[in-house]
Amino acid sequence: MRDYSVSTKEAMAKFQEMGESGWKDINEGMLRPTPIPMEFLSRILNLARLVDVTYKHNEDGYTHPEKVIKPHIIAMVVDSFKI
């Protein structure tokens, strides 16, 4: 950031823009025919989704999983079942 004289806010906005552009590329790529099996591609897509959820909104879900990851797990597993 110092090399290009930009603020943290500007740099984060650019990273957000790059991430959105990357998701568009991934989604378009999943719709195109490819010689690579869809089972393999879906695993890569799921890994990308995991990374997106883990580090979304400038939070480090890997270091602090109780704040970021735990609510997602509860929503998917615990709250999704009706008892």
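## A walk along a three-helix chain

Let's start close to the N terminus: serine 5 sits in the segment before α1. Its backbone is a little unusual to look at, with a positive phi of about 55° although serine 5 is not a glycine. The residue is also exposed, with a relative accessible area of 66%. Keep in mind throughout that you are looking at a predicted model.

Now step back to the whole fold. The protein chain has three helices and zero strands, so from the N terminus on the order of elements is simply α-α-α. How spread out is the protein chain beside a compact globule? The radius of gyration is 17 Å, while the globule rule gives 12 Å for 83 residues; 17 Å is well over that, so the chain is more spread out than a compact globule. If you prefer box dimensions, the C-alpha atoms fill roughly 55 × 40 × 20 Å along the principal axes.

The surface numbers add to that picture. Buried residues make up 10% of the 83 in the chain. The accessible surface comes to about 7600 Å², and 62% of it belongs to carbon and sulfur atoms.

On to the charges. There are 11 positive and 12 negative side chains, and the centres of the two sets lie 3 Å apart. How many salt bridges does the chain have? The count comes to two, with a cut-off of 4 Å between a side-chain nitrogen of Lys or Arg and a carboxyl oxygen of Asp or Glu.

One of them pairs glutamate 17 with lysine 14, whose closest N and O atoms are 3.6 Å apart. Both partners belong to helix α1, which covers residues 8-31, and because they are three residues apart there, about one helical turn separates them. Neither end of this pair is tucked away: glutamate 17 is partly exposed at 48% relative accessible area, and lysine 14 is partly exposed at 45%.

The other salt bridge joins glutamate 28 to arginine 32, again with 3.6 Å between the closest N and O atoms. Are these two side chains buried, partly exposed or exposed? Glutamate 28 counts as partly exposed, at 43% relative accessibility. Arginine 32 is exposed, with a relative accessible area of 51%; the line between the two classes is drawn at 50%, so arginine 32 falls on the exposed side of it.

Finally, follow the chain further along to some greasy side chains. Which residues make the nonpolar surface patch of about 560 Å²? They are Leu47, Leu50, Val51, Tyr55 and Tyr62. Tyrosine 55, one of these patch members, lies in the loop between α2 (38-54) and α3 (65-78). With 43% relative accessibility, tyrosine 55 counts as partly exposed; patch residues need over 30%, so tyrosine 55 clears that cut-off.

Notes. Residues numbered from 1 in each chain as written. Predicted model: local features only at pLDDT ≥ 70, side-chain atom pairs only at ≥ 80, totals over all residues. Heavy atoms only, no water. Helix = DSSP H or I, 4+ residues; strand = E, 2+ residues; numbered from the N terminus. Rg over C-alpha atoms; globule rule 2.2 N^0.38 Å. Buried < 20%, exposed > 50% of the residue type's maximum accessible area, 1.4 Å probe, protein only. Areas by Shrake-Rupley, 256 points an atom, 1.4 Å probe, with all protein chains shown as cover. Lys, Arg positive; Asp, Glu negative; His and termini not counted. Charge placed at Lys NZ, Arg CZ, Asp CG, Glu CD. Patch = residues over 30% accessible without salt bridge, like charges linked within 9 Å, V, L, I, M, F, W, Y side chains within 5 Å.
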